[in-house]
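Got your viewer open? Load the model, turn on the cartoon view, and let's walk through it stop by stop.

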Amino acid sequence: PPRKLSGKRTVHINSGKRQILAEGAKISQAHRQRGLNRVNMDIKKTSLYNLHKSHGAKFVQFAGYEMPIQYSSGIITEHNLTRTKSGIFDVSHMGQLFIKGDDNLTNKLQNIFPTDLKKLNINQSKYSFLLKENGGIYDDLILTKLKDGFIIILNAACKHNDLKIIKSMLKNNSLKLNEDVSLIAIQGPESKDILEKLIKNVSKLNFMYGNDFDFDNEKIFVTRSGYTGEDGFEISISNQKVIDLVNKLLDLGSNLIGLGARDTLRLEAGLCLYGHDINEETSPIEANLKWAISKNRVNENFPGVEKIKNQLNNGVKKLRVGIKPNSKIIAREFTKIFDKSNNEIGTITSGTFGPSVKTPIAMGYVSNEFSKNDTEIFLEVRGKKISANVCELPFYKKSYVKGSINVWSKILERTRMD
């Protein structure tokens, strides 16, 4: 997921389509991550900073990094390029945590994460959470099992705190938050063929699987995954080689995409943004992400298990839902939600204009009794109540690849409560 915002300042960017920027352009907010005030530190730059600059990127401060929010073509064009062709995202600000160990490490990690890691195959990835004892979410993350341990992809503004928490729960294991490697994502229907020209056999990867590959006499790790709702890949590569890789991908027809379009893409796909749609005060069950908690783990040990078990058995008071305004008005984050009797029943957590679905879209939390699809609700925008309906997630369906099965659509469909 892009990380997660820093401060409360809204960045206004002249893309010619300001209506869709609020969620993406608020990507400059990164102390809000968990509602904590963060100390200003020196702003970091990724190894691709100069490349972004040479391509006309507009930058924002994002989770302690200077990151490109868009290029000269604008967010809508970048969004559509990713949906129809291929887009490259610099996500090197995110954390790549390497943990070495054997089967005993798997047993230890079972006590930290609510995922059944014992069932993971080598090079298989799973979406999971680092949870508080009260069931709140410190971070959402991707775990991948390697031959000699695990790699965990952490959100940028959370990565140092995550490392501290995980380290305190692991004894006698080697942990390294590796800043010598960059992370890029290439997403979209043409990405498979473009990447295959540089990295032979990468197109044979199944969704949520990875492997080691060679690029320019260097070993790199590639997974078939992403945060856009499109087929794509994430590539962990040394800081020294990443510029050459990106330039070659651009020469083959891919396009640089900023964090603004990354945000509109993920919202259309119904994916959560940490610090907005999920945080330390929401549980995976309230966030409609119970599918990411292995059923057999609910009777075992991990932080927050009692709260999770209680919510699974007894239900929740609030639930994350998709929301479609019945007008062209965009409901931004923090917009209050009301029922027909003018009772406040929830809050918008993400809202924008969806370029692919050509309508305003939003996600938010509502009282559980109003969470059924097609329920009419009202959104207070600039002092006026506008009609909207609770709707199914995702707003936009595509597919990742597992043989001939449309896995991505099936996984996204599971984000709805049964």
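Helices here are DSSP runs of H or I with at least four residues, strands are runs of E with at least two, and both are numbered from the N terminus. Counted that way, the protein chain has 10 helices and 22 strands. Keep in mind that this is a predicted model.

**The whole chain**

Before zooming in, colour the chain by burial. Of the 418 residues in the protein chain, 60% are buried. Now think about contacts: among those in the protein chain with a separation of 6 or more, 68% join residues 24 or more positions apart.

**First helix pair: α3 and α8**

Select residues 75–84, which is helix α3, and residues 259–268, which is helix α8. How far apart are the axes of these two helices, and at what angle do they pack? The axes are 8 Å apart and the angle is about 55°. The cut-offs for roughly parallel and roughly perpendicular are under 35 degrees and 65 to 115 degrees, so α3 and α8 count as oblique to each other. Turn the view and you can follow α3 as it passes α8 in a right-handed crossing.

Next, show side chains at the contact. On the α3 side, pick Ile75, Glu78, His79, Thr82 and Arg83; on the α8 side, pick Gly260, Ala261, Thr264, Leu265 and Glu268. Colour them by class and you get a mix of 3 nonpolar, 4 polar and 3 charged residues.

**Second helix pair: α6 and α7**

Move on to helix α6 (residues 191–198) and helix α7 (residues 242–251). Their axes come within 10 Å and cross at roughly 125°. This pair is therefore oblique too, and its crossing is right-handed.

Which residues make the contact? From α6, select Ile194, Leu195 and Leu198, and from α7, Leu245, Lys248 and Leu249. By class, the contact of α6 with α7 has 5 nonpolar residues, no polar ones and 1 charged.

While you're here, click on Glu196, which also sits in helix α6. Is Glu196 buried or partly exposed? Its relative accessible area is 24%, so Glu196 counts as partly exposed. Leaving out residues up to four places away in sequence, Glu196 touches Asn201, Val202 and Ser203. Draw a distance from the side chain of Glu196 to the backbone nitrogen of Asn201, and you should get 2.8 Å.

**A strand stop: Thr223**

Jump to strand β12 (residues 218–223) and select Thr223. With a relative accessibility of 10%, Thr223 counts as buried. Its side chain makes a polar contact with the side chain of Ser225, at 3.0 Å.

Want to see what surrounds Thr223? Not counting residues up to four places away in sequence, Thr223 touches Ser125, Leu205, Tyr209, Gly210, Gly232, Phe233 and Glu234.

**Into the loop between α8 and α9**

Follow the chain from α8 towards α9 (305–314) and stop in the loop between them, where you'll find Asn288. Asn288 has a positive phi of about 65°, although it is not a glycine. That's worth a pause: most residues other than glycine have a negative phi, and most peptide bonds are trans. Asn288 is buried, with a relative accessible area of 8%.

Ser294 is in the loop between α8 and α9 as well. Ser294 is buried, at a relative accessible area of 18%. How far is Ser294 from Asp116, in sequence and in space? They are 178 residues apart in sequence and 5.8 Å apart in space, going from C-alpha to C-alpha. With neighbours within four places in sequence set aside, Ser294 is in contact with Pro114, Thr115 and Asp116.

**Two more loops**

Go to the loop between β15 (318–325) and β16 (336–338) and pick out Phe334. Phe334 is another residue other than glycine with a positive phi, near 80°. Its relative accessible area is 44%, so Phe334 is partly exposed.

For the last stop, select Pro394, in the loop between β20 (384–391) and β21 (401–402). Look at the peptide bond leading into Pro394 from Leu393: is it cis or trans? That bond is cis, with omega near 0°.

Terms used:
Residues are numbered from 1 along each chain as its sequence is written. This is a predicted model: local features need pLDDT of at least 70, side-chain atom pairs count only at pLDDT 80 or more; totals for chains, interfaces and linings use all residues. Side-chain values use heavy atoms; hydrogens and water are left out. Axes are lines fitted to C-alpha atoms, for helices over the stretch in contact, and angles run from 0 to 180 degrees between N-to-C directions. Angles under 35 degrees count as roughly parallel, over 145 as roughly antiparallel, 65 to 115 as roughly perpendicular and the rest as oblique. A crossing is left-handed if the near helix is turned anticlockwise from the far one by less than a right angle, and right-handed if clockwise. Contact means heavy atoms within 4.5 Å. Ala, Val, Leu, Ile, Met, Phe, Trp, Tyr, Cys and Pro count as nonpolar, Asp, Glu, Lys and Arg as charged, and the others, Gly among them, as polar. Buried means under 20% relative accessible area, exposed over 50%, partly exposed in between (1.4 Å probe, protein chains only). A polar contact is a pair of N or O atoms within 3.5 Å; within protein, one must be able to donate a hydrogen and the other to accept it, and residues adjacent in sequence count only if both atoms are side-chain atoms.
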